[in-house]
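Please open the structure in the viewer and keep the selection panel at hand. The tour below proceeds stop by stop, stating what to select and what is found there.

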Amino acid sequence: MPKMPACMPKLTKVVTYHKLWAVFIITFQFLCFVYIMFYWRITEDTNKSQLYDLILEVNCHHFVPSPPSVSVSPSPTPGNIFFVETSERINPHFLFVCSVESAARAHPDTKVIILMKGLADKKFSQPKHWGLSLLSCFPNVEIRPLDLDDLFSGTPLADWYSQAQHRWEPYFLAVLSDLCRIAIMWKFGGIYLDKDLIVLKNLGNLTNVFGIQSKYILNGAFLSFEPNHKFTELCMKDYVDHYNSWIWGHQGPQLLSRVFKKWCSIRSLQSSKGCKGVSTLPQEAFYPIHWQDWKKYFEEVSSSEFQKLFQNSYAAHIWNKKSQGTRFEVTSKALLAQLHSRYCPSTYWMMKTYL
């Protein structure tokens, strides 16, 4: 009887190892897919249950009786203000509507544009939804379809997007949002705002600037740039050259931090607040509450505490990825309730009436 070659046991072990590794990778990808589907389903069901009894159209005279009064003429912004919805959703949640309303009220002479991918089908008319109806009452708010092919055309991002939309990725909507804001800033300039950023004061004096999230990282929830700026061009190139779909934030905060360090030839963000015409603002400007402390938005605070917390802030980032689904009493002294009542009173009225 012939003997088994001495290499066979080793070969069997190698094959078994690779099989186990392949099973692990497939299982991990499947679990990621299940988690993301479950996450979006829960979010969608929560929003549907909250808005089930809401009216579809609002009376502009009742909800937005007059333009916001200002004691002095606000500074003009460097361009339009942009919000982006990269999913197919066309039913903005309360926080999204509040964010847009706060921006519209703080910048009555600036066009506030909402770009929605769900409206990209030219045969599809704008749906009847209380949030879209309410925001349409503001004369400076426009709701437009988001055509991604058109947005990315003529940029280093076009080839990447044509390939990426045909493959599955765990954080595709998030990285697509990161991609859109950079492309918008490069193509059109102006101001980009996240859907969970409540504006507290006019942003017109800010150009070629973004905010520090912590001493180690920047954040793109707020961006303000001139069109065709070299910094945003470098961001687009870095996006493609160092793309990694498996690391959360790699194309967002980490990208801005990487490019800024190269731009200023520094190793640490603490070494420079700006250079070559691009600057950063301290954490309290847009992120007065750290993402790890997001629950503070649902705690009751006094008026004096409120003023102290936001005295040096342009806006407040609510960290919706963490906070969504958390309930609070609309008429309470909860920090988020006070932000709604002061900076988006029309949305706040809807919340008091229907929640």
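Begin with the largest nonpolar core of this predicted model, which has 60 residues. Select Leu193, Leu203, Phe222, Phe286, Tyr297 and Leu339, the residues with the most contacts inside this core. Then add helix α3, residues 94-106: this helix supplies nine residues, the largest share of the core.

Next, centre the view on Leu339. Leaving aside neighbours within four places in sequence, Leu339 is in contact with Ile198, Leu200, Tyr297, Phe306, Phe310, Ala316, Ile318 and Cys344.

Apart from the largest core lies another one, of 43 residues. To locate this other core, select Ile184, Met185, Phe210 and Tyr243, which are among its members.

Now display helix α12 (residues 335-343) together with helix α13 (residues 345-354). The two helices pack at an angle of about 125°, and their axes are 5 Å apart. Because of that angle, α12 is oblique to α13. On the α12 side, select Ala337, His340, Ser341, Arg342 and Tyr343; on the α13 side, select Pro345, Tyr348 and Met351. These residues of the contact comprise five nonpolar, two polar and one charged.

The final stop is Asp194, in the loop between β4 (190-193) and β5 (197-199). Is Asp194 buried or exposed? Its relative accessibility is 12%, so Asp194 counts as buried. Show its surroundings by selecting Phe83, Ser99, Arg181, Ala221 and His317, which Asp194 touches when residues up to four places away in sequence are not counted.

Terms used. Residues numbered from 1 in each chain as written. Predicted model: local features only at pLDDT ≥ 70, side-chain atom pairs only at ≥ 80, totals over all residues. Heavy atoms only, no water. Axes fitted to C-alpha atoms, helices over the stretch in contact; angles between N-to-C directions. Helix = DSSP H or I, 4+ residues; strand = E, 2+ residues; numbered from the N terminus. Parallel < 35°, antiparallel > 145°, perpendicular 65-115°, else oblique. Contact = heavy atoms within 4.5 Å. Nonpolar A, V, L, I, M, F, W, Y, C, P; charged D, E, K, R; others polar. Buried < 20%, exposed > 50% of the residue type's maximum accessible area, 1.4 Å probe, protein only. Core = buried A, V, L, I, M, F, W, Y, C linked by side-chain atoms within 4.5 Å.
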